[in-house]
Amino acid sequence: MTSWYSGFKPRQVPPTSGRRPFTWPPALTHFRQLAETGMAEPFTGLTTDGTPLAGLFPVRQTGVATRRMRDAAEALLAALAPAQRTDACFPLDSDAWRAWSNVHLYIMRHGVCLDDMTAAQRELALGLVAEGLSAQGFESARNVMRLNHTIGEITGSWEDFGEWLYWLSLFGTPSADEPWGWQIDGHHLIINCLVLGDQLVMTPVFMGSEPVLAETGQYAGLRVFEAEETRGIALMRALTPRQRDRATIGERVPREVAAGQFRDNLVLSYAGLRADDLSGEQQALLLAAIETYVGRTEAGHAAVKLAEVREHLAATYFAWMGDPTAEDVFYYRIHSPVLLVEFDHLPGIALDNDQPSRNHIHTVVRTPNGNDYGKDLLRQHYARFHAAQPAPAGG
């Protein structure tokens, strides 16, 4: 089994900042270039061939209430000082939706930083996030934040890391009928949430951590992504040798998930093993893995999304890279017309291991075919109710 962070040391890097703009050393300018290139592209969404499939995401009634989330947003706004409220609020069509980044470096942070809030304001901000998530999803998000404190303890770099270096933004005006949303953005934790009536779209969601287990410090014993890891392993081990060969699309893990920051228009072909080639028991394991990610969302909305996933289960693909026995590092991907999930073991960034280990994990969840950030719902809503106005482009 690949090591946890025992024996790994903090990596020696040029001075940077996760708190504020800084002078970028030449070795890191590729991050800025990636951001600028990605943000310059008009939004299309993730596709298999560059053209989104139509008709996948109808505007409809779900019967799942969103009132508590709206109340939480209004309570937070009321508690912010005028200058904070100005920083936090964006038009619904703002490009800031797409300006998120999972790295600790300060690239395009926006909104109000939780580190600059009072304790009472911070609780209200976390209350808004909690209203969109299940108990398990909120605990995962908070644990990612706590482990960002742990890496600060390990490295001593509080300019780069900390539990509260996360920025909250609100888009549009909280409403029962008109679309609005929120985003939390910071190192290893990004959640985008669009609300339209009683519909909710919660993607892109990026969650990661280095380390994934706190061996020492304030949060010693805390671990993240155990279910995401073990359920992927369980599915791979349940495959026959022939199925495993078909699922395996690479011998080495990639150095990053494909659908990460500034990759909103990723073209990614289906690959691996189709779900309709799985037995009933194997399909149940696939759905269990999917539920780990979809289940981060509030239970009622998660059920709506899982029903949508089941409608397209036959056309869902499971792909694997790395150790086919699941004894060492690996990557897996679950890809359907309505869902993309990625899980990856990575090399150290804050720590000095140059080879991937189970100590550094990235996960991402996307809605393909144009509905990340709820953009396909927005397009339909504006065409129906605001035909005289241009729909928000959102980048």
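This tour moves from the whole chain to one strand and its neighbours. The model is predicted: local features require pLDDT of at least 70, side-chain atom pairs count only at pLDDT 80 or more, and totals for chains, interfaces and linings use all residues. Residues are numbered from 1 along each chain as its sequence is written, and side-chain values use heavy atoms, with hydrogens and water left out.

**Whole chain.** Display the chain by secondary structure: ten helices and 13 strands appear, where helices (H or I, at least four residues) and strands (E, at least two) are DSSP runs numbered from the N terminus. The radius of gyration is 20 Å, close to the 21 Å of the globule rule for 395 residues, so the chain is as compact as a globular protein of that length. That radius is taken over C-alpha atoms, and the rule is 2.2 Å times the number of residues to the power 0.38.

**Strand 4.** Select residues 180-186. Seven of the seven residues are buried, so strand 4 is largely enclosed by the rest of the structure; buried means under 20% relative accessible area (1.4 Å probe, protein chains only). One side carries Trp180, Trp182, Ile184 and Gly186, and the other Gly181, Gln183 and Asp185.

**Strand 3.** Add residues 166-171, which run antiparallel to strand 4 and are joined to it by six bridges; strands pair if DSSP finds at least two bridges between them. Here phenylalanine 171 has glycine 181 as its bridge partner.

**Strand 5.** Next, select residues 189-196, paired with strand 4 in the antiparallel sense over seven bridges. Cysteine 193 stands opposite tryptophan 182. Finish at the hairpin of strands 4 and 5, with two residues between the strands, where histidine 188 takes a positive phi near 70°.

Terms used:
Buried means under 20% relative accessible area, exposed over 50%, partly exposed in between (1.4 Å probe, protein chains only).
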